[in-house]
Amino acid sequence: MPQTVKGVVAMAKGEPVTVTDIVIPDPGPGEAVVAIQACGVCHTDLHYREGGINDEFPFLLGHEAAGTVESVGEGVTDVAVGDYVILNWRAVCGQCRSCAKGKPQYCFATHNATQKMTLADGTELSPALGIGAFCEKTLVAAGQCTKVDEAAPPEVAGLLGCGVMAGIGAAMNTGNVGRGDTVAVFGCGGVGNAALEGARLAGARTIIAVDIDDQKLEWAKDFGATHTVNSSQVDAVEAIRELTDGNGVDVAIEAVGLPQTYEQAFYARDLAGTVVLVGVPNPEMKVELPFIEIFGRGGALKSSWYGDCLPSRDFPMLIDLYLQGRLNLGGFVSETIDLDAVEEAFHKMHNGEVLRSVVTL
Ligand SMILES: [Zn+2]
Ligand SMILES: [Zn+2]
């Protein structure tokens with residue numbers, strides 16, 4: 001029997017979100033229904049609402065979630081009813097050309113539920129990132145459920161489902177930060193601070209946080225920053241060189257998505273260093289760099305999607321590190337809120353007042 005539950009929907013571009021009835025079908029083959037316990041508010045949810053992702057309104061928002069598997073469809077063997085899971089948007093196919101090359105973290109054909117969740121009148125919903133978890137329950141592909149230790153509270157665990165994983169992975173997976181490395185992170189919101197945490201976990205020696213907001217730089221110190229640079233007051237590139245014996249950093253991580261900060265990251269790295277872009281640009285932006293510098297500096301210019309994570313490998317490991325007190329996930333949770341406070345949380349996020357508001361159910 002399909003169930004009717006409450007969820008947060010963006011009906012039209014730019015309009016405030018509403019809490020409304022959502023119809024959840026029973027799970028079909030390869031699908032699971034998950035009872036959501038917590039879901040973080042991410043910039044991507046706001047981008048959907050603003051029409052910045054695509055025009056497939058109405059959207060069922062929310063995608064940084066943890067919960068319990070309520071039911072599974074035919075043929076599901078990797079998760080079972082009652083499992084405590086983090087939802088992911090990288091349920092790998094195992095068969096595409098990237099999976100076949102042994103690189104499932106770049107899977108080009110990830111799975112989502114095939115059935116649609118709908119409004120009460122039957123209108124099909126587009127779930128954000130194939131998840132839709134500002135909702136009491138949601139329907140996903142079973143591969144989108146990653147089982148983790150239930151000792152981790154849901155408001156903390158769910159954050160690994162998107163932004164925090166993107167940041168940690170930008171440092172650990174894409175940037176391949178290693179013991180003794182020097183690292184700079186541009187932009188100290190949720191993703192940037194997670195990149196600082198990732199650099200710290202990987203054993204970086206010098207970790208420089210760059211932002212234009214002193215409050216955010218203060219927060220950055222709780223996530224592993226050994227130095228902070230306010231780039232509205234000083235030249236960020238020069239400041240980073242000064243902190244690294246005049247050389248620049250081994251890995252420069254751009255977590256803003258602006259050409260100016262990307263250029264700073266480009267020039268702030270040492271010879272043969274790596275630039276990682278994890279901030280999301282808009283389609284109009286262009287970067288102009290001297291071609292000879294791209295060649296002459298060597299190294300690597302990389303992009304990081306979802307922190308190049310493999311959920312089955314990374315989520316349980318990071319939850320274990322959190323439970324051992326080695327990963328500050330709790331610090332990302334600025335507040336817990338109800339379903340009907342998502343619109344207000346968008347404003348707080350937009351104004352930079354919070355790292356993460358987390359809906360608890
Ligand atoms: Zn694949
Ligand atoms: Zn997100």
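A residue is counted as buried if 20 or more other C-beta atoms lie within 10 Å of its own, and as exposed if 12 or fewer do. D308 is therefore buried, since 24 other C-beta atoms lie within 10 Å. The structure in which D308 is found is a predicted model, and the paragraphs below lead from its domains to its sheets, its core and some particular points of its backbone.

The domain assignment divides the protein into domain 1, made up of 3-161 + 328-360, and domain 2, made up of 167-304. Between the C-alpha centres of domain 1 and domain 2 the distance is 29 Å. Six residues of domain 1 make contact with nine residues of domain 2. On the side of domain 1 that touches domain 2, two of the residues are nonpolar, three are polar and one is charged.

The strands may be taken next. An open sheet of mixed pairing is formed by five strands, in the order β7-β2-β1-β4-β8. Its edges are β7 (118-119) and β8 (126-127); each has a single partner strand, so one side of each has no neighbour in the sheet. Within this order, strand β1 (residues 3-10) and strand β2 (residues 18-24) run antiparallel and are joined by seven bridges. Here V8 stands opposite V19 of β2.

Strand β3 (residues 31-40) deserves separate attention. Nine of its ten residues are buried, so β3 is largely enclosed by the rest of the structure. With strand β9 (residues 137-141), β3 pairs in the antiparallel sense over five bridges, and V33 has L139 of β9 as its bridge partner. Eight bridges connect β3 with strand β5 (residues 64-72), again in the antiparallel sense; in this pairing C39 is matched with A65 of β5. Strand β18 (residues 356-360) also pairs with β3 in the antiparallel sense, over three bridges, and the bridge partner of A38 in β18 is T360.

A parallel arrangement is found elsewhere in the chain. Strand β15 (residues 269-277) and strand β16 (residues 300-303) run parallel and are joined by four bridges, with S303 of β16 as the bridge partner of L277. Together with helix α9 (residues 291-296), β15 and β16 make a right-handed β-α-β unit. Strand β15 also has a part in covering helix α8 (residues 259-267), whose buried residues are T261, Y262, Q264, A265 and F266. The cover over these buried residues includes β11 (182-186), α7 (236-243) and β14 (249-254) as well as β15.

The interior can now be considered. In soluble globular proteins, nonpolar side chains tend to be buried together. The largest nonpolar core of this model has 117 residues, of which V183, V185, A195 and I253 touch the most other members. Helix α4 (residues 163-174) gives the most to this core, contributing seven residues. Because domain 1 and domain 2 both give residues to the core, it lies between them.

Which residues does V185 contact, beyond its neighbours within four places in sequence? They are G192, A195, L196, A209, V210, I253 and A255. One of these contacts, L196, is found in helix α5 (residues 190-201). L196 is buried, since 31 other C-beta atoms lie within 10 Å. With neighbours within four places in sequence left aside, L196 is in contact with V185, I207, A209, A220, F223, G224 and A225. As for A220, it is separated from L196 by 24 residues in sequence, while the two lie 7.6 Å apart in space, C-alpha to C-alpha.

Finally, the backbone has some points of note. Most residues other than glycine have a negative phi, and most peptide bonds are trans. The peptide bond from F57 to P58, however, is cis, with omega near -5°; P58 belongs to the loop between α1 (43-49) and β4 (59-60). D245 is a residue other than glycine with a positive phi, near 55°, and is placed in the loop between α7 and β14. D308 likewise is not a glycine, yet has a positive phi of about 45°; this residue lies in the loop between β16 and α10 (311-323). Are D245 and D308 buried or exposed? D245 counts as exposed because it has 10 C-beta neighbours inside 10 Å, whereas D308, with its 24 other C-beta atoms within 10 Å, is buried.

How values were computed: Residues numbered from 1 in each chain as written. Chains lettered and ligands numbered in written order. Predicted model: local features only at pLDDT ≥ 70, side-chain atom pairs only at ≥ 80, totals over all residues. Pairing = 2+ DSSP bridges. Helix = DSSP H or I, 4+ residues; strand = E, 2+ residues; numbered from the N terminus. Right-handed = clockwise from strand over helix to strand, strands pointing away. Domains from an automatic or database assignment. Contact = placed C-beta atoms within 7 Å. Nonpolar A, V, L, I, M, F, W, Y, C, P; charged D, E, K, R; others polar. Core = buried A, V, L, I, M, F, W, Y, C linked by C-beta atoms within 7 Å.
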